[in-house]
Amino acid sequence: MEIQKRKIVIIGAGHVGSHGGYALLSQGLAEEIVYIDIDEKKAAAQALDLFDSTVYLPKRAMVRAGSYEDAADAELIMVAAGPLPDMSKGQTRMDTLKQTIEIVKDITDHIRISGFNGIILNISNPADVVTHYIQHVLDYPVQKIFSTSTTLDSARLRRAISQAIGIDQKSIQAYALGEHGESQMVPWSSVTVAGKPLFQLMEEQPDTYGKLNLEAIAAEGKAGGWHILAGKGSTEFGIGAAIAEVVRAVFGDEDRILPVSTMLTGQYGQTDVYASVPAVLNRHGVSQVVELRLTEAEAALFQKSCQTMKENFQLALTL
């Protein structure tokens, strides 16, 4: 019996690509990682640095720089190339769309030629729109291409809730949905603490939970990445852990539910748009979208977020 090797190609050797790679290596999720970057010297250096780390990690793996020819037999491609928003100019992730699409055009050309047919995990921002663009250009099966999107935003939201109520974030279930960006929303009606609805706790304990400012908590969760970007110029560790969580669900065939950006085909009343929603992940990619029961107000916010992404996807097609 031949043992299959889990091979991942990471396109982009910057902060996200390198920390994503380290998270995958440290958690034993790949036997081989290949870096591709327009800066070949940087890709080689990142690969060598990461390969050295495997001497002291629980599991050995090969890490090297390569080319798109390496994608032919890879199980997963992670796209992590593109610019960071310029905070000094007040840019959002969506404001980097034109620059990212120019980079992604070259990437999609090479992926098409490579013969790759595995899972595509996009991290490049604006994540939802760029993922939709890659899927459209490659005419790729929708279940096999998705983005981490609000996987990280949901972690930041849980951290913000945890700080507000004094309960560990792992005991909180909460999602940020829609865009990995400014229009994301929180379906508060589905938030639970140890399985108990937050709204119920707010009614039962008006002097504590009842005084929560949900709008401020949602804003803090959404602003989490900007706090980090302002303080050190990039986000790295959180997205690395989020990437590893998603890849584990796929490679482990876990049927794990995580909030990722996937094509909606009628769910939540939305079609032909990539938006972040709870989805079942396994070796096939996204096998099912989980539909939460949104309130009328929540559904309106989700619809507004989807409309933002639809409009920007149409813009991307003209660039």
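**Figure 1. Strand 1 of the predicted model, with its side chains on both faces.** K7, V9 and I11 point one way from strand 1, while I8 and I10 point the other way. All of these residues are buried, and strand 1, residues 7-11, is mostly covered, with five of its five residues buried. In a regular strand, side chains alternate between the two faces of the sheet. Strand 1 pairs with strand 2 (residues 32-36) in the parallel sense, over five bridges. K7 of strand 1 stands opposite E32 in strand 2.

**Figure 2. The open sheet of strands 7, 8 and 9.** Three strands make up this open sheet, in the order 7-8-9, and the pairing is antiparallel. Strand 7 and strand 9 (196-197) stand at the edges with a single partner strand each, so one side of each has no neighbour in the sheet. Two bridges join strand 8 and strand 9 in the antiparallel sense. The bridge partner of V193 is K196, in strand 9.

**Figure 3. T148 in the loop between strand 6 and helix 5.** The loop that holds T148 runs between strand 6 (145-147) and helix 5. T148 has a relative accessible area of 3% and counts as buried, because the cut-off for that class is under 20%. Apart from neighbours within four places in sequence, T148 is in contact with L121, N122 and I123. The other contacts of T148 in this set are I239, I243, V246, P259 and V260.

**Figure 4. Helix 5 and the elements that cover its buried residues.** Helix 5 has 16 residues. From its first C-alpha to its last, helix 5 reaches 22 Å, close to the 22 Å expected at 1.5 Å a residue. The buried residues of helix 5 are T150, T151, L152, D153, S154, R156, L157, A160, I161, S162 and I165. Their cover includes strand 7 (172-173), strand 8 (192-193) and strand 11 (271-282). Helix 7, helix 8 and strand 10 are also among the covering elements. G166 follows helix 5 and has a positive phi, near 75°.

**Figure 5. The largest pocket and its lining.** Rolling a probe the size of a water molecule over the atoms shows where empty space is left. The largest pocket has a volume of about 960 Å³. Its lining consists of 44 residues, and G12, A80, A81, G82 and S124 lie nearest the centre. The elements that give two or more residues to this lining are helix 1 (15-26), helix 2 (40-53), helix 3 (97-114), helix 5 (150-165) and helix 7 (214-232). Helix 3 gives the most, with four residues. By class, the lining of the largest pocket divides into 21 nonpolar, 16 polar and seven charged residues.

**Figure 6. The second largest pocket and the share of helix 5 in its lining.** About 630 Å³ of space lies in the second largest pocket. This pocket is lined by 26 residues, of which T151, S154, A155, R156 and R158 are the closest to its centre. Two or more lining residues come from each of helix 5, helix 7, helix 8 (237-251) and strand 10 (256-265). Helix 5 provides the largest share of the lining, seven residues. The lining of the second largest pocket has 12 nonpolar, six polar and eight charged residues. T151, S154 and R156, which are among the residues closest to the centre of this pocket, are also among the buried residues of helix 5.

Technical notes:
Residues numbered from 1 in each chain as written. Predicted model: local features only at pLDDT ≥ 70, side-chain atom pairs only at ≥ 80, totals over all residues. Heavy atoms only, no water. 1 Å grid on protein atoms, 1.4 Å probe; cavity = no way out; pocket = protein on both sides within 12 Å on 5 of 7 lines; lining within 4 Å. Points joined across faces, edges and corners; volume = space filled by probe spheres on them. Nonpolar A, V, L, I, M, F, W, Y, C, P; charged D, E, K, R; others polar. Expected span 1.5 Å × (residues − 1). Buried < 20%, exposed > 50% of the residue type's maximum accessible area, 1.4 Å probe, protein only. Contact = heavy atoms within 4.5 Å. Pairing = 2+ DSSP bridges.
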